[in-house]
Amino acid sequence: MRKQFKDTVLDLAGKDDKVVVILGDISHFLFNDFQQKHPDRFYNMGICENALISITAGLSAQGFHPFVHTITPFLTERSLEQIKLDMGYNRFGGNIVTTGASFDYAWDGATHHCYTDLAILRLIPGMEVTQPGNKKELDVLIRSQYNNGKPTYFRLSDHGHNVDMPVQFGKGVALKDTGAAVTVMTAGPILGNVMEACADLPVNIVYFHTLKPIDHELIARYRHTKIIVVHDAFGLHEAINEVPDLRTSYHGLPDQFCVWYGTVHDIRKKIGLDPAGIRAAVQARLKG
Amino acid sequence: MTPACREIRHNILNASRVSGHGHIPTSFSIIEMICAVYDTMRHDPKNPHWPERDIFILSKGHGALGFYAALAHYGYIPADELKTFGAFQSRLGCHPDRFKVPGAELSTGSLGHGIAVAVGMALAFRLQNSPRRVFTVIGDGESNEGTVWEAVAVATHLKLTNLTVMLDHNRSQIRSLPIPNPAERFAAFGCDTISVDGHDLEALKGTLTKPVTNTRAVIANTIKGHGCPTLANNVFEWHRKSPNPEQLVQLMGELNAETV
């Protein structure tokens, strides 16, 4: 998905001279061709995430459409106040694109894990929050939102799902609707595990790539069902519960640091977000 | 002190008395700095969003009362409006809001943000091949923030000669984490650095017109409460204090007696 990010932004930069890329000392090799084609609009500014966000806001203030990119926890959790004030409160938008969440850097430990980004950025007025599940979703969402002047968050993943569907910013998708009494709602790359887990289970499956604004209308259509939110981050469950009078439960992260290494698959298995763990949780919801 | 800078300080004292809000000493320390910028940069009070204007950002947003009084002097807002400072429906909050205050380019308050946004704006003007410039005033307390130094490091690495960082070196941080050698620090980061009497308006204006080879850092040596010994000698007591009627008379008297 990271290569798709570069390809999409490179294409946009060729058509729009307001596109500027700011890297926090990551993905610079990937962006070699961008740098060669647009050297005046490419900046590897180093490891100073707070300043990167403020500088992005300053570029936006003067009419540019900047993309700022580095590792998720450092650009979101560490720089939350810069995003809140310089981009949100001041309404100097721009595109925040991160990599590594939730557990793509599993082997690097809890300092590099990130699962609060979606939840905390949702709380900033005017913010747009997306978790593209694969390359197509990323490409469509970037192209539709990059130049609207709002602060927009794109969370990349190295492990996208392979479910193809129509993509429109702000719209969820009912991937499976059998009129079942239980609905599984999920977002982003974990959809792959959800589809495998629920392949033969009597449930509806509803998917989101946009967490803010969340598709209230689609969620409300499943109000009469028991909803289980399956997500490898915080934020989706809270967003869904903006719709009143739902019966929801959450299957996702424990209230503890994930102090293991290995791969994203190892972490997901440990916390029950592998297909078997998700299946067990959904089956329990079917019974409960 | 020039008559204009004295008049601005008069307005600050009156506004603080009426509104009950303070930060007078820090507002007094930045008056000549702000006037030097507005006397130097391209701007049009009748058209605050003039596309060719230079940019001023008060990164130390708690100096808002001084900023507003200066904006009133230059014709951006009515001087009479200063008495609404901090009131519920006022445009003039205790930290500036860019959507409410003509001439305010950035809503500031949390320290260490304005200078970094200023770097982004200066970079934008370079990309546009624009002659527009960016000026920002930061505080010595603000310079405790790591983002100040992140921003300066990026600015000098990019050699943003269209950016001027003015440090209000009023030594307020002697109570916690002082910046005892700011000129050396900014120079070490690569800034084209000059130290100046922060209450000498002409000297300040001279620093802003001097050609530079990298981001300009002006170390303005200032006095909190400049012009009123009662303030200058009791800066911590007066940090956020508003004068009562008797104190207002006393401070006005001190200000009028100030001859420098």
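## Exercises on a two-chain predicted model

Chain A and chain B meet in a contact that takes 20 residues from each of them; two residues are in contact if their C-beta atoms, placed from the backbone, lie within 7 Å. This is a predicted model, where local features need pLDDT of at least 70 and side-chain atom pairs count only at pLDDT 80 or more, while totals for chains, interfaces and linings use all residues. Residues are numbered from 1 along each chain as its sequence is written, with chains lettered from A and ligands numbered from 1 in the order in which they are written.

**Exercise 1.** Find which elements of chain A give two or more residues to the side that touches chain B.

*Solution.* Start with the elements: they are α3 (49-61) and α5 (80-89) of chain A. (Helices are DSSP runs of H or I, at least four residues, and strands are runs of E, at least two, numbered from the N terminus.) Next, pick out the top giver: α3(A) gives the most, with 9 residues.

**Exercise 2.** Work out how chain A is divided into domains, and how many residues each gives to the contact between them.

*Solution.* First, the bounds: domain 1 covers 2-155 and domain 2 covers 173-287, as set by an automatic or database domain assignment. Then the spacing: 26 Å separate their centres, taken over C-alpha atoms. Finally, the contact: domain 1 of chain A puts in 23 residues and domain 2 of chain A 25.

**Exercise 3.** Decide whether strand β4 of chain A is enclosed or open, and find its partners.

*Solution.* Step one: 6 of the 6 residues of β4(A) (94-99) are buried, so the strand is largely enclosed by the rest of the structure. Buried means 20 or more other C-beta atoms within 10 Å of a residue's own, with C-beta atoms placed from the backbone. Step two: Gly94(A), Ile96(A) and Thr98(A) point one way, and Asn95(A), Val97(A) and Thr99(A) the other. In a regular strand the side chains alternate between the two faces of the sheet. Step three: β4(A) pairs in the parallel sense with β3(A) (65-71) over 5 bridges, pairing being at least two DSSP bridges between strands. One of the bridge partners is Val97(A), matched with His69(A). On to β6(A) (151-155): it runs parallel to β4(A), joined by 5 bridges, and Ile96(A) has Tyr153(A) as its bridge partner there.

Notes
Buried ≥ 20, exposed ≤ 12 C-beta atoms within 10 Å, placed from the backbone.
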